[in-house]
Amino acid sequence: MRQINPKNINSRKLSGITSVVGLEISDRTIRVAEVAIHGGTLNRFRAHFSARRAFTYQLAPDATPESAAPLIREEMNRRGIRAKYAVTSLQGSGVRSVRADIPGNADGIDEWIQEHFERLVKVPIPRADLTTRREITGKSASGSLVDISFVKNSEIEAAIRFTRLLGLELVSLSAGTRDAVNAFLFSDRLAGTGSTRFICVSGDTTAEFRFHSGRIIERLTGPSDEILRPAGGRDRRHSTRR
């Protein structure tokens with residue numbers, strides 16, 4: 001009898017979620033996409049997705065996502081978007097994503113981030129007003145390469161309110177350049193391709209994703225002048241292979 005790892009179970013699919021609305025919220029643009037979830041419930045890592053309907057809404061100069069919610073909901077209805085659940089990605093000025101090379105002799109990654117908080121954030125904002133998330137993306141000669149996102153709590157609270165105004169239940173909220181690749185993954189430009197590169201430039205940070213046969217095989221993140229440097233002069237320690 002095949003062993004089933006409980007950690008691999010797709011709990012959302014098991015609970016009946018077969019489609020979600022993806023919301024990408026930036027300062028002046030709201031991107032909306034209804035995405036179908038395919039695959040079984042026993043291995044969440046084998047799930048795959050397909051886009052059903054999508055549109056982009058440009059906010060008026062004096063509008064906010066919350067004030068525009070009725071018009072966006074109306075457009076969703078017009079396009080036949082019926083999913084009840086949402087996943088949201090914050091990409092605006094309230095998000096700061098940085099990459100850090102954390103020494104292996106540090107007391108801990110979270111402790112190191114707190115110790116170097118002011119240098120990483122670079123703006124005078126109280127720690128209590130920010131939510132911090134981090135992801136280890138690789139190893140360096142001295143320790144670990146870590147992508148860190150700082151998000152204003154006010155942006156998170158506004159995103160939650162916005163989702164509710166659309167009549168959706170929020171099941172996931174994320175931020176940073178990692179999620180910028182999702183729109184590309186859901187597009188038909190990736191289908192049937194051999195090797196492909198996707199580059200997202202956000203402020204002074206650039207994320208590059210390399211695909212082969214529709215799968216991410218390598219990711220590079222760091223300062224734009226370094227990532228966009230010709231390949232022969234790039235420091236490969238900033239890459240993560242899958």
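The following paragraphs describe a three-stranded sheet, the helix across two of its strands, and two buried residues in a predicted model. Residues are numbered from 1 along each chain as its sequence is written. Local features need pLDDT of at least 70 and side-chain atom pairs count only at pLDDT 80 or more, while totals for chains, interfaces and linings use all residues, and side-chain values use heavy atoms, with hydrogens and water left out.

The sheet is open, and its three strands follow the order β5-β7-β6 with antiparallel pairing, where strands are DSSP runs of E of at least two residues, helices are runs of H or I of at least four, both numbered from the N terminus, and pairing requires at least two DSSP bridges between two strands. Because β5 (95–103) and β6 (130–139) each have a single partner strand, they stand at the edges, and one side of each is left without a neighbour in the sheet. Neighbouring strands are turned by 25° against each other on average, direction ignored. Between β5 and β7 (residues 143–152) there are nine bridges, and P103 has G143 in β7 as its bridge partner.

Helix α5 (residues 153–165) lies across β6 and β7, running at about 65° to β7; such angles, from 0 to 180 degrees, are taken between N-to-C directions of axes fitted to C-alpha atoms, for helices over the stretch in contact, and contact means heavy atoms within 4.5 Å.

I109 belongs to helix α3 (residues 109–115) and is buried at 17% relative accessibility, where buried means under 20% relative accessible area, exposed over 50% and partly exposed in between, with a 1.4 Å probe and protein chains only. Not counting residues up to four places away in sequence, I109 touches I102, R134, I136 and V146. S19, in strand β1 (residues 19–25), is also buried, with a relative accessible area of 11%.
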